[in-house]
Amino acid sequence: MDRDWAEKYRPGHLQDLVGNGPAVRQMYEWARTWTPGTRPLVLYGKPGTGKTSAAHALANDLQWEVLEMNASDQRTRAIIERIAGAGSTTASLSGASRRLIILDEADNIHGTADRGGAKAMIEVIRRSGQPIILIANDLYDLPKELKTVCEPVLFRAVQARSIVPRLRHICTLEGIACSDIALRMIAEGAGGDLRAAVTTLYASAIGKSRLDVEDLYTSRKDERSTIFELVAALFKTRGDAELMRMVQEVDATPDTIEQWIENNITYLSDIHAIESACAYLSRADEYIGYTFRRQYYTLWRYASALMVLGVSHAAAGSGLHGKIMPPSRWGKMRRSKRQKAIRISLMNRLSHLTHIPPDQLREDYLTAIALLIEHDPERFVTEWDLDADDLNLFLNDRKRSAEIVRRVAGKMKNALKAPETLKAPEEKPVSQVKGRKSDPTTQSTLFGGYPHE
Amino acid sequence: MEGDHTIWIEKYRPLKLADMVGQRDIVMRLQSYVESGSLPHLLFTGSAGVGKTTAAVALARGFFGETWHMNFRELNASDERGIDVVRNQIKQFARTAPLDGANFKILFLDEADALTSDAQAALRRTMENYAQSCRFILSCNYSSKIIDPIQSRCAIYRFRPLNKEDISEEVRKIAERENLTVTPDALDAIAYIAQGDMRRAINALQGAAILSSHIDAKMVYETTSTARPEEIEDLLNLAISSDFEGAEQVLAAILHERGIAPNELINQCYRALVKRDMDRALKIELIDHLGETDFRLSEGANSDIQMEALIAAFVLSAQKHT
């Protein structure tokens, strides 16, 4: 017994996958009807939800060969083209009908070490004569150009009640008697991450023939619960020593704790208390700023002391009136990160089109461009190949942007259906935009023309 | 002791899990891994000197015996930590077969939170694809600095700061082996200095042992350049009771006669203040003064001027709050 259980019990067939039925059906349907020209899939979702397993299981079920590239491989343009490019166009040697190319961790194409990697991936996708599956944790971290040519498949967090039977099954195979409560605790502690649950089971059960609650080793991702406890303790009457001990035990850095406290400060009932708490928090925040600016981590303790003792002092044991919430700024940051990614990629594209450096474009021309677009959005959607997200940056109206883009796409389709239009690609109006839509057989926005290449 | 110049933290690093002091629950679990010959990927979190590295090395010895070096590799922050190392060196080590009949090798990545997130990302499939031939032990101060996909692959063990009993037990053990006598108040002093960090405790003991084989608290404070807790209390009492001149004299004695570094003094005042039973608003204000002074010193300000200003600020705050 020396194999890591997460690997040993990695599902070999689609039917063995836990949860995510809709995603698995979507994958199977995609594979069954796959022809050269079908869009690749991008499987995305949190760690441990079965993305990589599903891709391999699909290939196994259909007896396709697999070629996997992940972040542990260098992925420069040259290397991706050599490996995946060859894999995607040459016929398979072993006689299997197809070869599935799995580009794992596609959201982690490394900036400098993998120069040109994203472009190469698109190239490979465009030319591929073989099915391709990309895998990522977050769809928004994918280069936009990659995202638009793929069909997304969402993998959701696996529910605890689906995890429990899987754990029980493993216990049976390993000959371990395991109490139901212990299994449920493992499943619930895993936060939707099946692999984490299996790893916890493995780590707890090694060398045992029977597993009870007290055998569970306790450290799995419990930082949340203690950070909850810490925030709750701030509103109660607690001694300084106890509060400082809790801060030390919370497995998070002061900048994280600060955001948790900030988000729950409004539970103070009295405006003077809020003012006082905010003052302490802002002073703590200064220390956090100095810490990072100077890389002088000793200052962290002043941040901790000021925010914890300060906010507790301001709260004066007034009790907690409401439910402790995780920091909302994380959500905001996530959204703004996405906005930023959209903006940067659009700026770079426009910069190429207009031959103006991105910075200058943003500072000197953006207002003018926004006004022009506001005036005649459809034209720019067509000319610059904007999608709804891009357009929204200018119009700041999500609904309207989506509508306009849909309308333009509809018109485009109709125009292409008309028999005499645009038979030969050369007759297209000269446009600097690469990859304008020309082929009605595909819905892809950027690389419609690949059968012609 | 004559002629023995080895560093005690290495000389007395426990070779077997069973010899480790503290972290009882963790050590028991790890022990059962050795007994059954199985090992999941592990993530050790905790502050310095609480036994993370010792546990990793002891695990390797437990699994591989005398030839543990052949199947164990340690990478720490002094090694190159970029994505290329993960892709080349680590992958190379992980995928080659274990030697000497072992079932797998162990790669110990110390200070894994210093890995860039790109490097961490490059690690995740390596951990899975070569799990057959290599198990990973990662150690870090805060698990929140380790990306979720890696946490998902590891059994997480949190090492706690060692308590006074653990520290004293180890110090007594070493003292016996080195033929030292250590007075009870010296044990207290060592525990005070250690702050849960065994390395610091053993260093303090070795430092004092240079002076004499009979160790008392005074020697411990002297060789570690630490003010005695009573001196700190003295300083704080005087400042809080608005005796500026008295406080200044104690300050001068600590800094100039005893030669305690201003940083160390600030550190000790901080610890004393957090624990001190006193008006809370004043306490927080004084801690803020400490922080401000610490920051200014780190920026290169003159320590004599800043420390005196600190005491003055203490006195003013104390007057305001009475």
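Trainee: How much space lies in the largest cavity?
Mentor: This is a predicted model, where local features need pLDDT of at least 70, side-chain atom pairs count only at pLDDT 80 or more, and totals for chains, interfaces and linings use all residues. Residues are numbered from 1 along each chain as its sequence is written, chains are lettered from A and ligands numbered from 1 in the order written, and side-chain values use heavy atoms, leaving out hydrogens and water. A cavity is a set of points, on a 1 Å grid over the protein atoms alone, where a 1.4 Å probe fits but cannot get out. Join those points across faces, edges and corners, fill the space with probe spheres set on them, and the largest cavity comes to about 390 Å³.

Trainee: Which element of chain B gives two or more residues to the lining of the largest cavity?
Mentor: The lining (residues with an atom within 4 Å of a point) has 31 residues, with A:R10, A:G48, A:G50, A:S53 and A:R195 nearest the centre of the largest cavity. Chain A brings in α1 (5-8), α3 (51-61), β4 (132-136) and α9 (194-205); helices are DSSP H or I runs of at least four residues, strands E runs of at least two, numbered from the N terminus. From chain B comes α5 (117-129).

Trainee: How many charged residues does the lining of the largest cavity have?
Mentor: Asp, Glu, Lys and Arg count as charged, Ala, Val, Leu, Ile, Met, Phe, Trp, Tyr, Cys and Pro as nonpolar, and the others, Gly among them, as polar. By that split the largest cavity's lining has 13 nonpolar and 6 polar residues, and its charged count is 12.

Trainee: Which helix gives the largest share of the lining of the second largest pocket?
Mentor: A pocket is an open set with protein on both sides within 12 Å along at least five of seven lines, and the second largest one holds about 2,000 Å³. Its 43 lining residues include A:M244 and A:Q248, plus B:S47, B:P161 and B:Q195, these five lying nearest the centre. The largest share, 6 residues, comes from α11(A).

Trainee: How are α13(A) and α14(A) oriented to each other, and why?
Mentor: Take lines fitted to C-alpha atoms over the stretch in contact, with angles from 0 to 180 degrees between N-to-C directions: α13 (271-294) and α14 (300-315) of chain A pack at about 175°, axes 8 Å apart. Under 35 degrees is roughly parallel, 65 to 115 roughly perpendicular, over 145 roughly antiparallel and the rest oblique. So α13(A) and α14(A) are roughly antiparallel.
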